[in-house]
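Please open the model in a viewer and keep the sequence panel beside it. The tour below proceeds by selections, each followed by a description of what is found there.

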Amino acid sequence: VNNYKPTISIKPEWEMVELGDVCKPEYGFTETAKDKGEARFIRITDIGSDGKLKSTDPKYVALTKEAKQSVVKKNDILVARTGATYGKTMIFEEEYLAVFASFLIRLNFDTDKVYPKYYWAFAQSIDYIQQAERLMTGGGQPQFNGNAIIKILIPLPPISEQIKIVNDIQNEMQLVSTNKQLV
């Protein structure tokens, strides 16, 4: 249960594309997190092991003109680009105003080609983790920047298939979560 990772059974007819061909990476907002503010400030440490936003110890920022450029929308995908958690990927599913920090990368997908939740599910897989390890640069402080992340190869089935895969994985994750609670 603790070692569960979603798997995507890749079909030979699916095209393998570099992430840079289907999305544009964007860096977040640089600011010091505060205990109060107008918008939740999402930092690397806010990414849970399940690829979701942690609800504990939220921090905030004022919604300045610069901060507004980094406001996240529902289903935005954010990736840690530095430190021990480089490559860790989360999906923003919350209903409140939030801004993402500069040590995160937002992936702006061509939604005609990629269902963002599909990429998020792929980014939880062993295949993604192994690619991230190979593409990471730096020694003491690992870096997984926009130039590296666009080299990730992803299997690209039709959108309808991507949605089906996501639904299947979400059902699996629900079972895993239920089993964790039982344990």
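Throughout this tour, helices (H or I, at least four residues) and strands (E, at least two) are DSSP runs, numbered from the N terminus. The model is a predicted one, in which local features need pLDDT of at least 70 and side-chain atom pairs count only at pLDDT 80 or more, while totals for chains, interfaces and linings use all residues. Residues are numbered from 1 along each chain as its sequence is written, and side-chain values use heavy atoms, with hydrogens and water left out.

**First selection: Lys 59**

Select Lys 59, which is placed in strand 4 (residues 59–61). Its relative accessible area is 17%, so Lys 59 is buried; buried means under 20% relative accessible area, exposed over 50%, and partly exposed in between (1.4 Å probe, protein chains only).

Next, display the side chain of Asp 35. It makes a polar contact with the side chain of Lys 59 at 2.6 Å. A polar contact is a pair of N or O atoms within 3.5 Å; within protein, one must be able to donate a hydrogen and the other to accept it, and residues adjacent in sequence count only if both atoms are side-chain atoms.

Which residues are in contact with Lys 59, leaving aside its neighbours within four places in sequence? They are Ala 33, Lys 34, Asp 35, Ala 39, Arg 40, Phe 41 and Arg 43, where contact means heavy atoms within 4.5 Å.

Asp 57 should be added to the selection, since the side chains of Asp 57 and Lys 59 meet in a salt bridge (3.7 Å, N to O). A salt bridge is a side-chain nitrogen of Lys or Arg within 4 Å of a carboxyl oxygen of Asp or Glu. Asp 57 is found in the loop between strand 3 and strand 4, and its phi is near 50°, a positive value in a residue other than glycine. Most residues other than glycine have a negative phi.

**Second selection: the sheet**

Now show strands 4, 3 and 7 in cartoon form. They form an open sheet of three strands in the order 4-3-7, with mixed pairing. Strand 4 and strand 7 (98–100) are the edge strands, each pairing on one side only. From one strand to the next, the twist averages 45°; axes are lines fitted to C-alpha atoms, for helices over the stretch in contact, and angles run from 0 to 180 degrees between N-to-C directions.

Strand 3 (residues 39–42) and strand 7 run parallel and are joined by three bridges. Two strands pair if DSSP finds at least two bridges between them. Within strand 7, Val 99 is the bridge partner of Phe 41.

**Third selection: aromatic pairs**

The structure holds six aromatic pairs. Rings of Phe, Tyr and Trp (its six-membered ring) pair if their centres lie within 6.5 Å; planes under 30 degrees apart count as stacked, over 60 as edge-to-face and the rest as tilted.

Keep Phe 41 and add Phe 29: the ring centres are 6.4 Å apart and the planes stand at 80°, so the pair is edge-to-face. Phe 29 lies in the loop between strand 2 (23–27) and strand 3, and Phe 41 in strand 3, so the pair ties together parts that are 12 residues apart in sequence. Both Phe 29 and Phe 41 are buried.

Move to Phe 109 and Tyr 119, which form a tilted pair, with 5.3 Å from centre to centre and 45° between the planes. Phe 109 lies in strand 8 (residues 104–109) and Tyr 119 in helix 2 (residues 116–122), so this pair ties together parts that are 10 residues apart in sequence. Phe 109 and Tyr 119 are both buried. Extending the selection to Phe 122 and Tyr 128 displays one aromatic cluster of Phe 109, Tyr 119, Phe 122 and Tyr 128.

Ala 121 also lies in helix 2. Buried or exposed? With a relative accessible area of 2%, Ala 121 is buried. Beyond its neighbours within four places in sequence, Ala 121 is in contact with Pro 6 and Ile 169.

**Fourth selection: salt bridges**

The count of salt bridges comes to 11. Select Asp 46 and Arg 43, whose closest N and O atoms are 3.0 Å apart in a salt bridge; both residues are buried.

Then select Asp 76 and Lys 73, the side chains of which meet in a salt bridge (3.6 Å, N to O). Asp 76 counts as buried, at 8% relative accessibility. Add Glu 26 and Arg 106 to see one network, in which salt bridges that share partners join Glu 26, Lys 73, Asp 76 and Arg 106.

**Final selection: Asn 75**

Asn 75 lies in the loop between helix 1 (65–68) and strand 5 (77–80). Its phi is positive, about 75°, although Asn 75 is not a glycine. With a relative accessible area of 27%, Asn 75 is partly exposed.
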